[in-house]
Amino acid sequence: CLGRVSPEKGVMERVDAFGPVAEQMRDAVLLVVGPLEGEYAAAVKQRVASVPWRDNVRLTGALFGEEKHAAFAASTLFTMLTKSEGLPLSVLEALGHGLPTLLAEDSNLPEVGDYQAGVLIKPGRDDVAKTLLGLLADQEQLRLMSANARRLFEERFTSGAVIPRILSLYDTVARGRRRAAADIVHAGNGK
């Protein structure tokens, strides 16, 4: 995971859900990447220190540049269990790196499911753990999701994909405003 370490990002839930994964896949590692500041981050650190799988969890703090790219490159799967999200940039970065994603339905990226670039779930500890285990055990599915993640990013979120949609939106709004202004002028002339 990458992003703010805060309650709405579901970090504690990811740490808890990772327990069964660490028990069954001893080499699995959970990377928690993001600023570790404030009371919630302190609670996450305390929780990690108290669990039997603490050696399988890495709290890196914020990463930038090559360190961040190295973290993506070392990862098999990206998770975000956010409770509310506009457009999660960390997920877009993960998709751009070809990482399959496990997201809460509230992550506001239904395209992940549409493109089969990952799995959208309603978070609950057992559901998350079961889904993580299933995904990590199926290398072929991860390979397909990885290709789909990259395709999703290329087709929907690169500047070459986004800019034409924005220009089209501006054009539609501008045409609508011109029509509305013309209607106002014509209505005013008829009085």
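Okay, let's start with one residue: setting aside neighbours within four places in sequence, Glu-111 is in contact with Leu-152, Arg-156 and Phe-157. Before I go on, keep in mind that this is a predicted model. Glu-111 itself sits in helix α5, which covers residues 111-114. So is this glutamate buried or exposed? Its relative accessibility is 14%, and the cut-off for buried is under 20%, so Glu-111 counts as buried.

One of those partners, Leu-152, takes us to helix packing, because Leu-152 of α7 is also part of the contact between α4 and α7. How do those two helices meet? Their axes come within 7 Å and cross at roughly 120 degrees. That angle makes α4 oblique to α7. On the α4 side you have Leu-92, Leu-95 and Gly-96, and on the α7 side Ala-149, Arg-150, Leu-152, Phe-153 and Phe-157. Sorted by class, the residues of this contact are six nonpolar, one polar and one charged.

Now compare that with another pair, α1 and α2. Their axes are 10 Å apart, and they pack at an angle of about 5 degrees. That makes α1 roughly parallel to α2. From α1, the residues involved are Val-11, Met-12, Glu-13, Val-15 and Asp-16, and they meet Tyr-40, Ala-43, Val-44, Arg-47 and Val-48 in α2. The class count for the contact of α1 with α2 is seven nonpolar, no polar and three charged.

Val-44 is a good way into the next topic, the cores. The largest nonpolar core has 31 residues, and Val-44 is among those touching the most other members, along with Val-5, Phe-18, Val-21, Trp-53, Val-57 and Val-128. Which elements each supply at least two residues of this core? The list is α1 (11-24), β1 (30-33), α2 (38-50), β5 (118-121), α6 (125-137) and α7 (139-157). The largest share, seven residues, comes from α1. There's also a second, separate core of 17 residues, and its members include Met-80, Leu-92, Tyr-115 and Leu-152. You'll recognise two of those names, since Leu-92 and Leu-152 both came up in the contact between α4 and α7.

Let me pick two residues from the big core and look at who they touch. Take Phe-18: leaving out residues up to four places away in sequence, Phe-18 touches Ala-28, Val-29, Leu-30, Trp-53, Asn-56 and Val-57. Of those partners, Trp-53 and Val-57 are also on the list of residues that touch the most other core members.

Then there's Val-128, over in helix α6. Val-128 has a relative accessible area of 3%, so this one is buried. With the same allowance for sequence neighbours, Val-128 touches Ala-17, Leu-81, Leu-102, Ile-121 and Pro-123. If you want a sense of scale on your screen, the C-alpha atoms of Val-128 and Leu-87 are separated by 21 Å, and the two residues are 41 apart along the chain.

Last topic, charges. How many salt bridges does a search of the whole structure find? Six, and I'll walk through three of them.

First up, Glu-93 and Lys-68. Their side chains meet in a salt bridge at 2.5 Å, N to O. This pair links distant parts of the chain: Glu-93 is in helix α4 (residues 89-96), Lys-68 is in helix α3 (residues 65-73), and they are 25 residues apart. The two ends sit in different accessibility classes: Glu-93 is partly exposed, with a relative accessible area of 26%, whereas Lys-68, at 17%, counts as buried.

The other two pairs are local, and we're back in α7 for both. Arg-143 forms a salt bridge with Glu-140, with the closest N and O atoms 2.6 Å apart. The two lie three residues apart in α7, about one turn of the helix. Arg-143 is partly exposed at 48%, and Glu-140 is partly exposed at 42%.

Further along, Arg-150 forms a salt bridge with Glu-154, and here the closest N and O atoms are 2.7 Å apart. Why about one helical turn between them? Because they are four residues apart in helix α7. Arg-150 has a relative accessible area of 35%, which is partly exposed, and Glu-154 is partly exposed too, at 37%. And Arg-150 is one we've met already, as part of the contact of α7 with α4.

Definitions and conventions:
Residues are numbered from 1 along each chain as its sequence is written. This is a predicted model: local features need pLDDT of at least 70, side-chain atom pairs count only at pLDDT 80 or more; totals for chains, interfaces and linings use all residues. Side-chain values use heavy atoms; hydrogens and water are left out. Buried means under 20% relative accessible area, exposed over 50%, partly exposed in between (1.4 Å probe, protein chains only). Contact means heavy atoms within 4.5 Å. A nonpolar core is a set of buried Ala, Val, Leu, Ile, Met, Phe, Trp, Tyr and Cys residues joined through side-chain atoms within 4.5 Å. A salt bridge is a side-chain nitrogen of Lys or Arg within 4 Å of a carboxyl oxygen of Asp or Glu. Axes are lines fitted to C-alpha atoms, for helices over the stretch in contact, and angles run from 0 to 180 degrees between N-to-C directions. Angles under 35 degrees count as roughly parallel, over 145 as roughly antiparallel, 65 to 115 as roughly perpendicular and the rest as oblique. Ala, Val, Leu, Ile, Met, Phe, Trp, Tyr, Cys and Pro count as nonpolar, Asp, Glu, Lys and Arg as charged, and the others, Gly among them, as polar.
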